[in-house]
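Student: I am new to this structure and would like to go through it with you. Could we begin once it is on the screen?
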Amino acid sequence: MNCKKKKSSEKKTFSDRCVLDKAFFFYNKKNYKEAENFFALALEEEENAEAYFFRGKSFLKLGKPLAAMGCFENAKDLAPDNPDIYIEGTIALLQLNFPEKALAWLESHPCNKTKTGKFFALKGSALLQKKDYRQAAGYFLYSIKKGEKSSYIFSELAMTYFFLNEYKNATKYFKLSYQKSGIHNIFGISQLYYEALSFKELGKYKKALMLLNKIPKIIDDELFAKILSLQSICYFNLGKSDKALFHINASIGINPANSNYYKIKSTILNHLNLIEQSILCEKKAIEVDDENKRKELQMKQ
């Protein structure tokens, strides 16, 4: 790309390179904050679809989908035939939880003519957000057939089957998802957790525990508490109430604001004929529920 002559030395840090080149330098180095700044400077010099597009992608990488969407809309106005702009705009709309707008945006772009695997995957994601699970599953399967085989696609399809209560299919795709991503990151661990949860729904508690016991130590307290509570449920159903009680106590220690953990503990204590303690746990669950509702109302006001 030819660079325009420098208009003012104040706007450009590097006299031997154009601002847009510097923006791409930072973008390729995955320094998206600096890249976004330089794309903005480039757009002050000259509006063009490329700078808007990559500034939008930088905003997406920075977790700012609303700002990204504004850039993609400007890019579309300047280059309405570029299918990549519509793909990234759809991703931004999905991150904003606007599935209807995402579908409309997706259906309006040139990629609709070729219908790539990415197109079907994004359509599936929009339908998943709309809770149209059966249609979503069909689009995900077709996207995989067309070559989209990322851990994200497997995860989306697995969650779709999970919501359809088709847990056998869910376990298959959760496994494929974390095999692609590994289990040494939060995403991979969450996939393994949901596979175990699917096995639990199928009544296969030993299989669920085998998976949960593979999970390495993690720093995400909320997810770790969920893992411990699922282990507790599995141990309880396998007749190991002492282990079940140990794990649910650990869950409560990590996240005392989850009323379900007290309910699980109450069930275990009742099974152990510790009736008074069980009743106290039921009361605690009600107190926690009431407190959570109060906080929710306070946030809305």
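Tutor: Let us begin with helix α17, which covers residues 275-300. Arg294 and Glu291 are three residues apart in this helix, so about one helical turn separates them. Please keep in mind that this is a predicted model.

Student: What do the side chains of Arg294 and Glu291 form where they meet?
Tutor: They form a salt bridge, with 2.7 Å from N to O. In general, side chains of opposite charge can pair when their charged atoms come close.

Student: Are Arg294 and Glu291 buried or exposed?
Tutor: The answer lies in between for each. Arg294 is partly exposed, with a relative accessible area of 42%. Glu291 is partly exposed as well, at 30%.

Student: How many salt bridges are there by this rule?
Tutor: The count comes to seven salt bridges. One of the pairs is Lys130 with Glu100, whose closest N and O atoms are 3.1 Å apart.

Student: Where do Lys130 and Glu100 lie?
Tutor: Lys130 is in the loop between α8 (117-129) and α9 (133-145), while Glu100 is in helix α6 (residues 99-107). The pair therefore ties together parts that are 30 residues apart in sequence. As for its surroundings, Lys130 has a relative accessibility of 37% and so counts as partly exposed.

Student: And which residue forms a salt bridge with Lys123?
Tutor: Its partner is Glu107, and the closest N and O atoms of the two are 2.4 Å apart. Lys123 belongs to helix α8 and Glu107 to helix α6, so this salt bridge ties together parts that are 16 residues apart in sequence.

Student: Is Lys123 buried or exposed?
Tutor: Lys123 is buried, because its relative accessible area is 14% and the cut-off for buried is under 20%. Its partner Glu107 is partly exposed, at 31%.

Student: Changing topic, which residues gather in a patch of positive charge on the surface?
Tutor: The patch consists of Lys168, Lys175, Lys204, Lys207 and Lys214. Take Lys168 as an example: it is found in helix α11, which runs over residues 167-181.

Student: Why does Lys168 count as exposed?
Tutor: Its relative accessible area is 68%, and a residue counts as exposed when that value is over 50%.

Student: What about Ser151, buried or exposed?
Tutor: Ser151 has a relative accessibility of 17%, so it counts as buried. Its place is in helix α10 (residues 151-163).

Student: Which residues is Ser151 in contact with, leaving aside its neighbours within four places in sequence?
Tutor: Ser151 is in contact with Ser177, Lys180, Ser181 and Phe187.

Student: Now to His271. Where does it lie?
Tutor: His271 lies in helix α16, which spans residues 259-271. With a relative accessibility of 49%, His271 counts as partly exposed.

Student: Which residues does His271 touch, not counting those up to four places away in sequence?
Tutor: His271 touches Phe236 and Ser241. Phe236 is 35 residues from His271 along the chain, and their C-alpha atoms are separated by 9.5 Å.

Student: One last residue: which helix holds Glu50?
Tutor: Glu50 lies in helix α3 (residues 49-61). At 30% relative accessibility, Glu50 counts as partly exposed.

Student: What separates the C-alpha atoms of Glu50 and Ile153?
Tutor: The separation is 27 Å, and the two residues are 103 residues apart along the chain.

How values were computed. Residues are numbered from 1 along each chain as its sequence is written. This is a predicted model: local features need pLDDT of at least 70, side-chain atom pairs count only at pLDDT 80 or more; totals for chains, interfaces and linings use all residues. Side-chain values use heavy atoms; hydrogens and water are left out. Helices (H or I, at least four residues) and strands (E, at least two) are DSSP runs, numbered from the N terminus. Buried means under 20% relative accessible area, exposed over 50%, partly exposed in between (1.4 Å probe, protein chains only). Contact means heavy atoms within 4.5 Å. Patches are made of residues with over 30% relative accessible area and no salt bridge: like charges are joined within 9 Å, nonpolar side chains (Val, Leu, Ile, Met, Phe, Trp, Tyr) within 5 Å. Accessible areas come from the Shrake-Rupley method with a 1.4 Å probe; for residues, only the protein chains shown count as cover. A salt bridge is a side-chain nitrogen of Lys or Arg within 4 Å of a carboxyl oxygen of Asp or Glu. Lys and Arg count as positive and Asp and Glu as negative; His and the chain ends are not counted. The place of a charge is taken as NZ of Lys, CZ of Arg, CG of Asp or CD of Glu.
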